[in-house]
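Hi,

Here is the structure I promised to pass on to you. Have a look at it first, and then read my notes below.

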Amino acid sequence: MRLAGIQKLTLLDYPGKLACTLFAPGCNLRCPFCHNASLVLGPAGALEPDEVLAFLRKRRGVLQGVCLTGGEPLLQPDAADFLLRVRELGYAVKLDTNGALPDRLRAAVEAGAVDCVAMDVKNAPDAYGETVGLPDFDLSPIRESVAYLLSGPVDFEFRTTVVRELHDEARLLALARWIAGAPRYFLQPFTDSGDVLRPGLSGYGEAELRALLAAVRTVLPAAQLRGV
């Protein structure tokens, strides 16, 4: 298991839990708005798994959860095995994924390695390739992951980072219809972190986001804004 970094305390990445966040390097997508460009394109990893597990042993009773994010953590074939070791320490585990590896997602869930999955759904189906930076992108793995999570095998949420140049009301409505029935869906504003894959993109203001949310709620009444 390759790990590129750790945030030792977060109140945001695992809602409702005092947690730490582990960052896995590498990604199979090239979303132009990705705020972790150096993680996606950079070195393979800097932390030893045993070092991280030793830290987690010391923090038992203080931390409640661990979030594994990326990049795309499921690119690593031993991600589920590592998360099982984390769960054996008594932690709740949240996995962030782009859904492009449905077989590994299913295997991790069925192994009992995760308590919660957060999947980024990037855009309406007909805009997915543009949004993930891969014009010939095959959407079928994403569709499989969406359908799997909607079938209810694990607690989950969908979320979309909203970028002015890539998202509008029509696209978000098409996306909402695709994931209809999701118990939790979040629109998140794009903010340029200074470490994005394609500089020059912009986000919507709060009033505009609330208007987009109102449209999405005609299909997904439980949709919410996050990070506003």
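The side chain of Tyr-185 makes a polar contact with the side chain of Thr-160, at 2.7 Å. Keep in mind while you look that this is a predicted model.

Tyr-185 sits in strand 7. Is Tyr-185 buried or exposed? Its relative accessible area is 1%, and the cut-off for buried is under 20%, so Tyr-185 counts as buried. If you skip residues up to four places away in sequence, Tyr-185 touches quite a list, including Val-121, Phe-158, Leu-172, Leu-175, Ile-179 and Val-216. Thr-160, the polar partner from above, is one of the residues on that list too. For contrast, try finding Tyr-128: it is 57 residues from Tyr-185 in sequence, and their C-alpha atoms are 18 Å apart in space.

Two of the residues that Tyr-185 touches, Leu-172 and Leu-175, take us to helix 7, which covers residues 169–178. Which residues of helix 7 are buried? They are Leu-172, Leu-173, Leu-175, Ala-176 and Trp-178. The cover over them includes helix 5, helix 6, strand 6, strand 7 and helix 8. Also check the start of helix 7, where a side-chain oxygen of Asp-168 comes to within 3.3 Å of the backbone nitrogen of Ala-170.

Next, go to Ile-142 in helix 6. Ile-142 has 0% relative accessibility, so this residue counts as buried as well. Leaving out neighbours within four places in sequence, Ile-142 is in contact with Asn-98, Gly-99, Ala-100, Met-119, Tyr-128, Phe-137 and Trp-178. Notice that Trp-178 is also one of the buried residues of helix 7. Ala-100 is a nice one to click on: 42 residues separate it from Ile-142 in sequence, yet the two C-alpha atoms are 5.3 Å apart.

Now zoom out to the whole chain. There are 8 helices and 8 strands. The radius of gyration is 17 Å, close to the 17 Å that the globule rule gives for 228 residues, so the chain is as compact as a globular protein of that length. Its C-alpha atoms fill a box of roughly 50 × 35 × 35 Å along the principal axes. Of the 228 residues, 50% count as buried. Among contacts between residues at least 6 apart in sequence, 73% join residues at least 24 apart.

Last, the outside and the charges. The chain exposes about 10,000 Å², and carbon and sulfur atoms supply 51% of that. It carries 24 positive and 27 negative side chains, with the centres of the two sets 5 Å apart.

Cheers

Definitions and conventions
Residues numbered from 1 in each chain as written. Predicted model: local features only at pLDDT ≥ 70, side-chain atom pairs only at ≥ 80, totals over all residues. Heavy atoms only, no water. Helix = DSSP H or I, 4+ residues; strand = E, 2+ residues; numbered from the N terminus. Rg over C-alpha atoms; globule rule 2.2 N^0.38 Å. Buried < 20%, exposed > 50% of the residue type's maximum accessible area, 1.4 Å probe, protein only. Contact = heavy atoms within 4.5 Å. Areas by Shrake-Rupley, 256 points an atom, 1.4 Å probe, with all protein chains shown as cover. Lys, Arg positive; Asp, Glu negative; His and termini not counted. Charge placed at Lys NZ, Arg CZ, Asp CG, Glu CD. Polar contact = N/O pair within 3.5 Å; in protein donor to acceptor, adjacent residues only side chain to side chain.
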